[in-house]
Amino acid sequence: MADIETITSLAKRRGFAFQSSDIYGGLGSVWDYGPLGVEMKNNLKRAWWKAVVYERDDMVGLDSGILMNPLVWKYSGHEATFHDPLVDCRKCKARLRADKIEGKCSECGSTDLTEPRQFNLMFRTTIGPVEDQSGLAYLRPETAQGIFVNFKNILDSTNRKLPFGVAQIGKAFRNEITPGNFIFRTREFEQMEIEFFVKPPHILKPGEPTDEEWHERWIAERLNWYLSLGMRAENLRKYEQPRAELAHYAKRTVDLQYRFFPEREDEEKQWDELEGIANRTDFDLKAHSRKPVDEEGKRLNPDSTADLTYFDHETNQHVFAYVIEPSVGVDRPLLAFLMDAYHEEEVRGEKRVVLRLHRDLAPIKVAVLPLAKNKEGIVSLAKDIKSRLQRTGMMRAVYDDTAGIGKLYRRQDEVGTPLCLTVDHQSLEDNQVTIRDRDTMLQERVPVSDIETAIQKRLGLIGD
Ligand code: GAP
């Protein structure tokens, strides 16, 4: 595996990610995904969607807006509680998270710090031409609320019965005080979130899984997803959030942590959050519903127009569903998969850098390489093969003739391309080409006539 610094350098050099607005000195903690980064990001999102929507019977998708009525954030609790405690160092003027330092400035070591103040992480903007409080809106800090406020729409339009879940992928924004570590913590990022609605405990029939059991199932499911995509088990672990760490809505949260900081001496400090899997109970649906009243009969949410209860035909009751929420960014697993896949090895006395990315995640699936770029027959056969692969619509294929074959292989190894396909002089005679496997470096001759099938099989896109 590699540390974040090594990956940051590779990412910039090979076009995975660039600092935002680089030519103007950059913008803090926003990253742009380059030609390879966008492919890998799309692959990651597709793999997630496939696993949590297409391969299940109990999930649907949603794509809600980034901008929402600010009342959403009032009733979700984010206006009141989505804060970080902030202190200023009087000596070097650094602004720091009070909960991340131990009484002294992490920049200069001074203990001359201001009292902690609460700092809301939501970005504000205004809607419409007048920049006053009436047009206030927030850029969403999580995609989850879009699912909660659409609960009734989804229920009414799909006739789903509990348990069922909603998946969503989209941008989220947080005005993080101490962002950094490349794409680990940024101010603009993408989230992949599931809100999985289950029966509340009081209407369960004997033998039906409880919210707590569903929570366990999702923890196992999500852990296995990373392993199925080749993440090494020794770099992944579960972490039970202590009560003091729990978000305002959570009854229990288990994080999946990745060894993001292998260079740190203290083993415990090597780990950080990759994904959080929370049991949010009925907190959110209740908070956004017009129905619940307090002891004096006063509505808890006088602004909502919707009753977000679920009618359970078996018990003839209106109930609030409980929610299990597996929530992950796109950027953080992308970083983890890159770190995990990175290998340096020696091949015939030379250093080889290879990203052993799972073939579903690799940004380029196949590179078509002519052995001689000045030989017309070889070049045109290689280009023809590339466009045939391209026409399958199933993969990113590239053609490269800008270096000798050894260098071309190394280039593809470094960005994790699972297959290289070489066209040589012999190909013109026997109509066969060489497929080289990234990991084993083994080479195999295959006929050009059926090249699409040969490649698709090796990429697992069609069965044997
Ligand atoms: N809806 C629940 C929620 O948003 P969270 O633990 O605050 O929970 C979920 O965020 C996931 O989103 C994290 O596990 C992480 O993968 C990602 N994430 C959160 N803040 C991030 C940031 N500033 N930069 C990159 N990813 C972030």
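# Ligand shell, two open sheets and local backbone features

V433 stands opposite V446 in β23, and this pair belongs to the contact between β22 and β23, two strands that pair in the antiparallel sense over 5 bridges. The model described here is predicted, and the points below take up the sheet that holds these strands, then a second open sheet with a helix packed on it, then the surroundings of the ligand, and lastly some local features of the backbone. Of the two open sheets, one has 5 strands and the other has 7 strands.

**The sheet of 5 strands**

- The strands of this open sheet follow one another in the order β20-β19-β21-β22-β23, and their pairing is mixed.
- At the edges are β20 (397–399) and β23 (443–447), each of which pairs on one side only, while neighbouring strands of the sheet are turned against each other by 25° on average when direction is ignored.
- Strand β19, made of residues 366–370, runs parallel to β20 and is joined to it by 3 bridges; within this pairing, V366 has A397 of β20 as its bridge partner.
- Strand β21 (residues 419–423) pairs with strand β22 (residues 432–437) in the antiparallel sense, over 4 bridges, and here T422 has T434 in β22 as its bridge partner.
- The strands β22 and β23 form a hairpin with 5 residues between the strands, and in this hairpin M441 takes a positive phi near 65°.

**The sheet of 7 strands and the helix on it**

- The order in this open sheet is β3-β9-β10-β16-β13-β12-β11, again with mixed pairing.
- Strands β3 (59–62) and β11 (236–240) stand at the edges with a single partner strand each, so one side of each is left without a neighbour in the sheet.
- From one strand to the next, the twist of this sheet averages 20°.
- Strand β12, which covers residues 252–258, runs antiparallel to β13 and is joined to it by 7 bridges; one of the residues involved is D255, whose bridge partner in β13 is G276.
- Helix α7 (residues 211–228) packs on the sheet and touches β3, β10, β11, β12, β13 and β16, and the direction of the helix makes about 155° with that of β13.

**The surroundings of the ligand**

- There are 21 residues around the ligand, and those that come nearest are E142, R174, E176, E193 and E273.
- When these shell residues are divided by type, 6 are nonpolar, 5 are polar and 10 are charged.
- Two contacts involve oxygen atoms of the ligand: a polar side-chain atom of R174 lies 2.8 Å from an oxygen atom of the ligand, and a polar backbone atom of L274 is also placed 2.8 Å from an oxygen atom of the ligand.
- A nitrogen atom of the ligand, in turn, has a polar side-chain atom of E325 at 2.9 Å.
- On its own the ligand has 560 Å² of accessible area, and the protein covers 90% of that area.
- The elements that give two or more residues to the shell are β10 (188–198), β13 (272–281) and β16 (322–329), and the largest share, 5 residues, comes from β13.
- These elements also link the ligand to the sheet described above, since β10, β16 and β13 follow one another in the strand order of the sheet of 7 strands.

**Local features of the backbone**

- Most residues other than glycine have a negative phi, and most peptide bonds are trans.
- Against that background, the peptide bond that joins L162 and P163 is cis, with omega at about 0°, and P163 is found in the loop between α6 (151–158) and β9 (164–173).
- N159 lies in the loop between α6 and β9 as well, and this residue has a positive phi of about 55° although it is not a glycine.
- Strand β17 (residues 342–347) and strand β18 (residues 350–355) pair in the antiparallel sense over 6 bridges, with E344 standing opposite V353 in β18.
- In the hairpin that β17 and β18 make, 2 residues lie between the strands, and R348 takes a positive phi near 45°.

Note on methods:
Residues numbered from 1 in each chain as written. Predicted model: local features only at pLDDT ≥ 70, side-chain atom pairs only at ≥ 80, totals over all residues. Heavy atoms only, no water. Near = heavy atom within 4 Å. Polar contact = N/O pair within 3.5 Å; in protein donor to acceptor, adjacent residues only side chain to side chain. Areas by Shrake-Rupley, 256 points an atom, 1.4 Å probe, with all protein chains shown as cover. Nonpolar A, V, L, I, M, F, W, Y, C, P; charged D, E, K, R; others polar. Pairing = 2+ DSSP bridges. Axes fitted to C-alpha atoms, helices over the stretch in contact; angles between N-to-C directions. Contact = heavy atoms within 4.5 Å.
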